[in-house]
Amino acid sequence: MANKKKSAADTNAKQNDLSVNKESGINEFMTTDQGLKINDDQNSLKSGERGATLLEDFILREKITHFDHERIPERIVHARGAAAHGYFEVYEPMAKYTKAGFLNDPKRKTPVFVRFSTVAGSRGSTDLARDVRGFSVKFYTEEGNYDLVGNNMPVFFIQDAIKFPDLVHAVKPEPHNEIPQAASAHDTFWDFISLMPESMHMIMWAMSDRAIPRSYRMMEGFGVHTFRLINDQGKSVFVKFHWKPLLGVHSVTWDEATIISGKDPDFHRRDLFDAIEAGAFPEWEFGIQVIEEKDEHKFPFDLLDPTKLIPEELVPVQRIGKMVLNRNPDNYFAETEQVAFHPGHLVPGIDFSNDPLLQGRLFSYTDTQLSRLGSANFHEIPINRSINTVHNNQRDGHMRQQINTDRTSYSPNSLGGGCPFQAKATEGGFTSHVERIDAKKIRVRSQSFFDHFSQATLFYNSQSEAEKNHLTDALRFELSKVETVAIRVRMLGLLSQVDKTLAKNVAIELGLTVPNKPEQPINHSIPADGNPAKFQPKLVDQGIESSPALSMANTNKDSIQTRKIAILAADGVNGTSIQQIKKALMDKGAVVEIIAPRLGEIKNEKGEAIKVDKNLRTVSSVLYDAVYVPGGKGNIAALMNEADAIHFVDQAYKHCKAIAVDIDAENFIAKTTVGQLLEERKELPGFVYATKNKSLAADFIKAIAQHRFWERETQAKIPA
Ligand code: HDE
């Protein structure tokens, strides 16, 4: 009873851990939604044993009605996601730049809820689509909720919010047949892109391996737009936000991605969940690039243009804090599905810039929650509540939870003593940054936004050879799926303005030649009364030829933490060989699984039992980062007859993964295509063979940390 008397304020105060709304049912009677204990949940109420069901069965009707209404509309974009709880800590007070409380007190652990997502696919689509990933962070700060709703790529396809519905309509499955799901490789997407030169920088990112991450835990995050930080003197600086994963930035190959989509479409979701369950908490450092107001115009691009990044070599990223994800949601729907992010959820010390894409987003996110979550009270859903108590004169509406006990719900009032009060800035009241605006009301794109190619070229030039090859292959794949030849030709025209060789290499596989005179400007993308002369792209020297920070080849490769290693084994396996490697890998934080042709147990050479983690039939090399083949006569004889085991090793090799083989596994390796190549070349990159006097553990660990041996793709290719 005491519980029932809890005031709304108490309820609000406890909401961060969501505990007031938790229910487990363990050791409890089953009840109806009205709390009535249920006696029979197996049979509906009937007129006689074999008679018709009675309308009066309110228990049946309640259950079915609730079921009928279980789904809510999925997000228009970013429908498929996975999320986790955690915390954020700042390293040093950032008072020089911002008065935001959570960026000033190193002792404060600010709770966060982070949702990663793909953009184009439906809620049930594969995690491994070629796509941008959403990276949304809700900080439950003591000053109110702050949402940083970013992506894993630092730029965007379009410069103005008014083009967003067009972009999304183009990339979504085509309207006549709802094909293809979660894929950009189709005519409508490339039709739109081929008419939107401003998208070319983002296209370079989206066709790069950044669009097929190895894990959500191994992605960078970006706020994309330029924002402002404001200090307690009211001084503003411009800022770009970054998340840097401590495990480095890694990806899979496209061939692998397509196979994972079948073998385990929940690959990223599972990876995040499993890592957190295992206590391997994902971590990111929070970075800022700060630009003084006086320097707003000193760059060769406009800070307000969301198709541009600020190269880290021009403005270094200062790492100012760390985020750790340490708790999985209890319930997917309640938390991951119902969380409502909004770039307009701000706290004092942070403010917007006039980026026209950001400005449009500020309208969209509340609007979309109204149709998705169905009520203006979506902030009362536990995952969306602020840890601050909420006091205002907003009242009523669908599904209102709060029971306001005041007589007044208006301001000013005297009957309620003038409450709730407004807060002065010194008391934490939010004030918008004072910005001078003296301008004509005008519907126009700034001329400072018209360099559509220089940064696309900068990105391309900054990639390693392997990354360039992957990007080229991605464009070949996507454009080969486009049926309308004119679209392919237009795309070649645009690509040739990024890099001539890139365009040529793509053209070869399309059976086309690069047009001499790319269509420019493209008439469909200018206003009806626009003067084409004003829409000519302008190339501006970026002052930098290449930016090493843009290449994943330069990411950290010093750890095998949480990497998944497969050990292929069967009866008669050399137990010592397994034990030694397993221990060495697990000591470094890797996850090791023993894979055998059956579940249960296998026996080692001495007849001792070894527990099997996965049945060979249910897994595939694409679900692992590396593979080890232990010795043992019986083991090798058995594996030699296992086509799946042979394919496992060949495929791991094809996808450029580290492979280690025990000294007496020779006969098995000879059966693989890798073995044949090895015989020719004697040595293969990332392939570690044990020798009589040397354990291979150290070399294997070093090889896994390298992530992939891309040189195999050009120098030592095999079919698999
Ligand atoms: Fe979003 N975006 N967006 N977006 N966005 C949504 O809001 C929108 C953009 C991003 O995990 C929607 O709650 C417009 C850029 C993420 O719940 C919607 C424009 C960036 C998520 C919406 C953009 C993003 C969304 C759909 C152009 C990177 C998932 C459901 C002006 C900085 C949030 C929802 C989550 C979700 C609108 C462009 C990131 C429709 C109008 C740029 C990570 O409101």
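Two strands count as paired if DSSP finds at least two bridges between them. This tour uses that rule often, and the model it walks through is a predicted one.

**Stop 1: strands β1 to β4**

Select β2, residues 110–118. Nine of its nine residues are buried, so the strand is largely enclosed by the rest of the structure. Now colour the two faces of β2 separately. On one side are T110, V112, V114, F116 and T118, and on the other are P111, F113, R115 and S117. Both faces are covered.

Which strands pair with β2? Add β1, residues 81–90, which is joined to β2 by eight bridges. β1 and β2 run antiparallel. To find a matching position, select F88 and look across to T110 in β2, which stands opposite.

Next add β3, residues 133–141. Seven bridges join β2 to β3, and these two strands also run antiparallel. Here S117 has G134 of β3 as its bridge partner.

Follow the chain from β3 into β4. A hairpin of two residues makes the connection. The pair is antiparallel, with eight bridges, and Y140 is matched with N145 in β4.

Is β4 buried or exposed? Select residues 144–151 to see: eight of the eight are buried, so β4 is largely enclosed by the rest of the structure.

**Stop 2: two helices in contact**

Select α3 (residues 164–171) together with α4 (residues 187–194). Their axes lie 6 Å apart and make an angle of about 145°. Show the side chains where they touch: D166, L167, A170 and V171 come from α3, while T188, F189 and F192 come from α4. By type, the residues of this contact are five nonpolar, one polar and one charged.

**Stop 3: the parallel sheet**

Move on to a sheet of six strands. Going across it, the order is β15-β12-β11-β16-β17-β18. The sheet is open and its pairing is parallel. At the edges stand β15 (614–615) and β18 (687–689). Each has a single partner strand, so one side of each is left without a neighbour in the sheet.

Within the sheet, select β16 (residues 626–629) and β17 (residues 658–661), which are paired in parallel over four bridges. A626 stands opposite A658 in β17.

Now add α16, which packs on this sheet. The helix touches β11 (564–568), β12 (591–596), β16 and β17. Its direction makes about 145° with that of β11.

**Stop 4: along helix α16**

Keep α16 selected, residues 643–654. What span should its 12 residues have? At 1.5 Å a residue, the expected span is 16 Å, and the end C-alpha atoms are 16 Å apart, which agrees. Buried residues in α16 include A645, I646, F648 and V649. Further along, D650, Q651, A652 and Y653 are buried as well.

Step just past the helix to C656, where phi is positive, at about 70°.

**Stop 5: cysteines**

Stay on C656. Its relative accessibility is 0%, so C656 counts as buried, the cut-off being under 20%. Then select C419, which at 33% relative accessibility counts as partly exposed.

How many disulfides does the whole structure hold? A search finds zero. A disulfide is a covalent bond between the sulfur atoms of two cysteines.

Technical notes
Residues numbered from 1 in each chain as written. Predicted model: local features only at pLDDT ≥ 70, side-chain atom pairs only at ≥ 80, totals over all residues. Heavy atoms only, no water. Disulfide = S-S within 2.5 Å. Buried < 20%, exposed > 50% of the residue type's maximum accessible area, 1.4 Å probe, protein only. Axes fitted to C-alpha atoms, helices over the stretch in contact; angles between N-to-C directions. Contact = heavy atoms within 4.5 Å. Nonpolar A, V, L, I, M, F, W, Y, C, P; charged D, E, K, R; others polar. Expected span 1.5 Å × (residues − 1).
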